[in-house]
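Please open the model in a viewer and keep the selection panel at hand. The stops below may be followed in order.

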Amino acid sequence: MGGRFGDGTVQPGSITDKTFKEEWHARALAVTLATGSLRQWNLDMSRHSRECLPPKDYCAFSYYDKWISALANLLVNKGVISADEFLNPILKTHPLSSRKLLAADVAGVLSKGAPTSRSVEDSPKFLVGQRVKTRRADNKFISGGHTRLPKYVERCEGKIEICHGAHVFPDTHAHNLGEQPEHLYTVSFLASELWEIPENPGDTLCVDIWESYMEPANVP
Amino acid sequence: MPHDVEKHSHSLLPSDPELKVKALETALVKRGLIDPAALDEIIDTYQNKIGPKNGATIIAKALLDKNFKKALIGDPMQVLEEHGFLGRQGEHIKVVENTSKVHNIVVCTLCSCYPWPLLGIPPTWYKSDEYRSRVVREPRKCLLEFGVTLPKNTKVRVWDSTAEIRYLVLPILPDKYKNFDEEQLIEIISRDAMIGMALIGDSS
């Protein structure tokens, strides 16, 4: 949605706002994190599941409603539970219950995280300072599949600012096609390159972009 | 799974999100797939243990000590590990420094990526469509909505967290706070300043 028109003013809120506005927001976050321990999907799959919500639901649902609805779809689509169980829960131990996240393990799991950096043999294709051009923001393997190239920078020219080393590639990782790590870069784009009427032409956007989302820009 | 074969079982759940969560939690607890006590522990962690004070502690040190700042910008993970600030959604942190020439702002236009171990769970506005859609196109208008006006010759640099790198803004310390000690600085370094949507000392 980056760059979309029509959204209203941002409401800053207040420092006294609670972390979770409603109790169910907290439950939604906790259920989502806890079910990750079942290891039936990865982060990219869960992001993609949110993106796969029907557009009318995606627009209408609140933030944590998207999370919980996408989680329900993941659980059924990955065969963990059946949709019938949403309405008629069954009291029966699941084969995956040995992986259940226990309260005693929460601190360890949350403080450990899951780094996505990987070692690869290939050296980076692009150098800091090099001009690059992005490709179309579509998954190349699966029609309608997950990608992390935002639409608003597709087919735009930018400059390599940072090389972060190789990271797990979301476009494959979200679809059971493996991690296929690729070099990841921060690329800067001038506002004047991205927008027909920029707010300030000299401002920049920095976007983290995987190597195969780009090609060298044609040097004039 | 591509769009065309995605099943939308979520439509079978109650439409009220509060009931939706409850139904899902009940189904999972009955199968022994989640432990309610673990859920309470997760909530307690993000409600009471991890929040913007972590980030403010690191930023305060960086504002007081040039060598610390150099280390934090050069090898943030090493510094954060020493302070015990590693964790989920903070596996790859980068600190970006505001100067008189550049003002940095952080967003995630694709979802709501945010440096959890340093700032906690993102505020509602950070996750809002309004912020995610607009701050990349009109950052200065968004800043105005937060009461922030930048000098004309300061360039804005918006960092869109599209991968697993999480960004933390190192704000400028205004002259009037130069004699503050670490404890006093931690009090005035706001969450929003570390996202780039406030300046140090702003009431927000």
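Select A:Val31 and display its surroundings. Apart from neighbours within four places in sequence, A:Val31 is in contact with A:Leu71 and with six residues of chain B, namely B:Val21, B:Leu24, B:Glu25, B:Leu28, B:Ile34 and B:Leu39; two residues are in contact if their C-beta atoms, placed from the backbone, lie within 7 Å. This is a predicted model, in which local features need pLDDT of at least 70 and side-chain atom pairs count only at pLDDT 80 or more, whereas totals for chains, interfaces and linings use all residues. Residues are numbered from 1 along each chain as its sequence is written, while chains are lettered from A and ligands numbered from 1 in the order in which they are written.

Next, keep A:Val31 selected and add B:Leu24. These two residues have the most contacts inside the largest nonpolar core, which has 116 residues. Such a core is a set of buried Ala, Val, Leu, Ile, Met, Phe, Trp, Tyr and Cys residues joined through C-beta atoms within 7 Å. A residue is buried if 20 or more other C-beta atoms lie within 10 Å of its own, exposed if 12 or fewer, and partly exposed in between, with C-beta atoms placed from the backbone. The element that gives the most to this core is α4(A), with nine residues.

Now select α4(A), residues 63–77. Helices (H or I, at least four residues) and strands (E, at least two) are DSSP runs numbered from the N terminus. Of the 15 residues of α4(A), 14 are buried. The end C-alpha atoms of this helix are 21 Å apart, in agreement with the expected 21 Å, that is, 1.5 Å times one less than the number of residues. After the helix comes A:Gly79, with a positive phi near 75°.

Widen the selection to the contact between the chains. It takes 85 residues from chain A and 80 residues from chain B. On the side of chain A, α4(A) again gives the most, with ten residues. By class, that side has 44 nonpolar, 27 polar and 14 charged residues; Ala, Val, Leu, Ile, Met, Phe, Trp, Tyr, Cys and Pro count as nonpolar, Asp, Glu, Lys and Arg as charged, and the others, Gly among them, as polar.

Strands also meet across the chains. Select β5(A) and β3(B), residues 155–160, which pair in the parallel sense over four bridges; pairing requires that DSSP finds at least two bridges between two strands. Within this pairing, A:Val207 stands opposite B:Asp160.

From A:Val207, move to A:Phe189, with which A:Val207 is in contact. A:Phe189 lies in strand β4 (residues 182–190) of chain A and is buried, with 24 other C-beta atoms within 10 Å. Its contacts beyond four places in sequence also include A:Val153, which is 36 residues away in sequence and 8.1 Å away in space, C-alpha to C-alpha.

Colour chain A by domain: domain 1 covers 23–112 and domain 2 covers 118–216, with bounds from an automatic or database domain assignment. Their centres, taken over C-alpha atoms, are separated by 29 Å. The contact between them takes six residues from domain 1 and four residues from domain 2.

Finally, select chain B. Its domain assignment gives domain 1 (16–48) and domain 2 (52–195), and their C-alpha centres lie 31 Å apart. Chain B contains eleven helices and four strands, and buried residues make up 52% of its 204 residues.
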